[in-house]
Structure formats: C-alpha cells, structure tokens
Amino acid sequence: LRPGAAKFALGGACKPSAPVVSRRLFSAGASNVRCSAVAADQSQLAQLSSMTTLSVDTGDLTVIEELAKTGFITDATTNPLFVSQAGLSGDPRYMAFVDEAVDYAKAKLKSGEVNGECGAGDGQACSELGREIVKLVKGYVSTEVDPRLSFDKEESLVRARRIIKMYEDEGVGRERVLIKLAATWEGIMAAAELEKEGIRCNLTLIFGLVQAIACAQYGAHLISPFTGRILDWHKTPDKTTFEPEEDPGVVACEQMFYYYKKYGHTTICMPASWRPSRG
C-alpha cells in the first residue's frame, strides 16, 4: 500500500496459533519459533499480508527463508543486536561473516581509511548478513547504523555511505537497501541528506506524532513506530491490558498514518515492536 502505506515488521517468525489479527494489531511469536510454509488461506499471516506489506525483523537466515517461501513476506530488517547474536551462535555461516568483517576492518585500518576497527567491522558484518538476506526476499533490506551514533549526524552519514558502498561493491543496488537511523534530530537531519543522494532511510525508534511529522517533512522514505514500546509506557499496575482499538501504540500509529494520508506525505509507516494488546 503506497504511497503513505502501512507496513508491518514481524519479530522473528510468526506463530500460526497466535491470537486472531485485529485491525492493525498482529502478535508475532518469538524469534526461535519456526513458521512452516503453510498454504492455508485462513492463516493469520495470509490474512495480514492481504492487507499490507510485511517485513520480518530478525537476523536468522533460516527464519527469513522459511517466511519468504510462504510468499507473504517481502522485506526484512536487521539491527546490530541481531548481527551480534548471529555471530555468537556458532553457525559457520555467521562466523564467516564475522571473520570477513574483522579482515575488512584490519585492512581499512592499515590503509588509513578508517580511524577504528569497530566502525568498519560492524558495518561490514551487517552488510554481509544483508547480502544474504537480499537473496531471500524481493523487497527492501534495512541495515542499521550503529545506534551509539544516534546523536552524531556527521559520523552517521559516514557510516551510512560506507554501508551502501559495501552493498554496491557486492553487486547489491542501493534501491534494495534502507539505511536504518534513530529518529533523533541528528538522525533525521542525516536522513534528509542521504535521501537527496538516493539513499533511502528507515527512521526507527519513533514514539510519537511529532517525530513522525519531522521525518516526513524532511523526506524520510519510511518510519518504524514502536507500538509495543508505546504500550509498555502506558501500562500501570492497575491497567496492563487494552482492547486493540484502545491500545496506545495502535492509536499513536493510526494518528501517524492518517496524518500522512491527510497531508499527502509519501513516507511509509511500518509499525514494529508489537505487543499483544490483551496481554
């Protein structure tokens, strides 16, 4: 659904027996749950995919492949935590990514192209994983700039451009990649510059309408409101569950989506970090 589309990020795999999809709420299972490629038209994954575009939020290549085979998942997003977890898993595929990243970082450090191994290494590991994900999904792959740079516009730009070059050096066009940046003011300003260079951005850690408006006004391609985190913030000892239509995260996301529609912004709204409203 574009422009002004609502997309959904699923954490890890989906659980066919999860609660029924309600409006814009979807309950995703834990990342270690496997979702087989079921053909049943009544599966909740099929229901949701008929309404919007779905993105799987994980670094597990097996999960991504299984979900992609259903035909319902087109996009994927990762973050440095997923990459780190993959590298520590003992799986030879991921360990090879780490080894290549270390070799890359050492070479760049020796040549004087970078000032520290970590800056080059983490980006290389992320792009190595992303390169494999691109083979599994037909849509966007989001790769995140180190979140520790969320308040450093200039270094965020350096890292983002480096990540794009890594992808392009491996034959992956920038049109397949979304650079994920935190939606701080510095992150939004970095995204504004990158978008002008044809580098599409995914502004994440969105918790309110003001952030969403700023992202759209500065031309961000996509935003990721954290609906579950908003829900967590509003929970109290006396109120821990909500009906889906009253879920504060769902309400906030609806406000962002309809604001974009009302004022003609083409920024895509992809809510992520879902929680079950009813607990």
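The paragraphs below lead through the strands, helices and some single residues of a predicted model.

The protein has 279 residues, and buried residues make up 54% of them. Its secondary structure comes to 10 helices and 8 strands. Among contacts in the protein with a separation of 6 or more, 64% are between residues 24 or more positions apart.

A starting point is strand E2, which covers residues 53-57. How many of the residues of E2 are buried? The count is 5 of the 5, so this strand is largely enclosed by the rest of the structure. The burial applies to both faces of E2: Thr53, Ser55 and Asp57 lie on one side, Leu54 and Val56 lie on the other, and all are buried. Strand E2 is joined to E3 by 3 bridges, and the two strands run parallel. One position shows the pairing in detail: Val56 has Ala76 in E3 as its bridge partner. Between the two strands the chain passes through helix H2, residues 61-69, and this β-α-β crossover from E2 to E3 is right-handed.

From E3 the pairing can be followed to strand E4. Strand E3 (residues 75-77) and E4 run parallel and are joined by 2 bridges. Here Thr77 stands opposite Ser142 in E4. Strand E4 itself consists of residues 141-144. Val141 and Thr143 point one way from this strand, while Ser142 and Glu144 point the other way, and all are buried.

Strand E4 also pairs with strand E5, residues 177-182. The pairing of E4 with E5 is in the parallel sense, over 4 bridges. Ser142 takes part here too, since Leu178 is its bridge partner in E5. Ser142 thus has a partner in E5, namely Leu178, and stands opposite Thr77 of E3. What lies between E4 and E5 in the β-α-β unit that they make? Helix H6, residues 153-169, makes up the unit together with the two strands, and the unit is right-handed.

Helix H5 spans residues 117-134, and Ala125 is found in it. With a relative accessibility of 11%, Ala125 counts as buried, because the cut-off for burial is under 20% relative accessible area. The C-alpha atoms of Ala125 and Ile163 are separated by 9.8 Å, although the two residues are 38 residues apart along the chain.

The next part of the chain to look at contains strands E6 and E7. Strand E6 takes in residues 201-206, and Leu205 has its place there. The phi angle of Leu205 is near 60°, which is a positive value in a residue other than glycine. Is Leu205 buried or partly exposed? Its relative accessible area is 29%, so Leu205 is partly exposed. Strand E7, residues 222-225, holds Ser224. Ser224 has a relative accessible area of 3% and is therefore buried. Its contacts, leaving aside neighbours within four places in sequence, are with Asn202, Leu203, Thr204, Leu205, Ile206 and Met270.

Two helices can be considered as a pair. Helix H8 (residues 209-217) packs against helix H10 (residues 248-263) at an angle of about 35°, and their axes are 9 Å apart. The crossing of H8 past H10 is right-handed. Which residues meet where these helices pack? From H8 there are Leu209, Ala212, Ile213, Ala216 and Gln217, and from H10 there are Gln255, Met256, Tyr259 and Tyr260. Sorted by class, this contact has 7 nonpolar residues, 2 polar residues and no charged residues.

Helix H10 is also the place of Val250. Val250 counts as buried because its relative accessibility is 3%. Between the C-alpha atoms of Val250 and Phe226 the separation is 9.6 Å, and these residues are 24 residues apart along the chain.

The last residue to look at is Ser273, in the segment after strand E8 (268-269). Ser273 has a phi near 55°, a positive value in a residue other than glycine. Its relative accessibility is 19%, so Ser273 counts as buried.

Notes
Residues are numbered from 1 along each chain as its sequence is written. This is a predicted model: local features need pLDDT of at least 70, side-chain atom pairs count only at pLDDT 80 or more; totals for chains, interfaces and linings use all residues. Side-chain values use heavy atoms; hydrogens and water are left out. Buried means under 20% relative accessible area, exposed over 50%, partly exposed in between (1.4 Å probe, protein chains only). Two strands pair if DSSP finds at least two bridges between them. A crossover is right-handed if, with the strands pointing away from the viewer, the path from the first strand over the helix to the second runs clockwise. Axes are lines fitted to C-alpha atoms, for helices over the stretch in contact, and angles run from 0 to 180 degrees between N-to-C directions. A crossing is left-handed if the near helix is turned anticlockwise from the far one by less than a right angle, and right-handed if clockwise. Contact means heavy atoms within 4.5 Å. Ala, Val, Leu, Ile, Met, Phe, Trp, Tyr, Cys and Pro count as nonpolar, Asp, Glu, Lys and Arg as charged, and the others, Gly among them, as polar.
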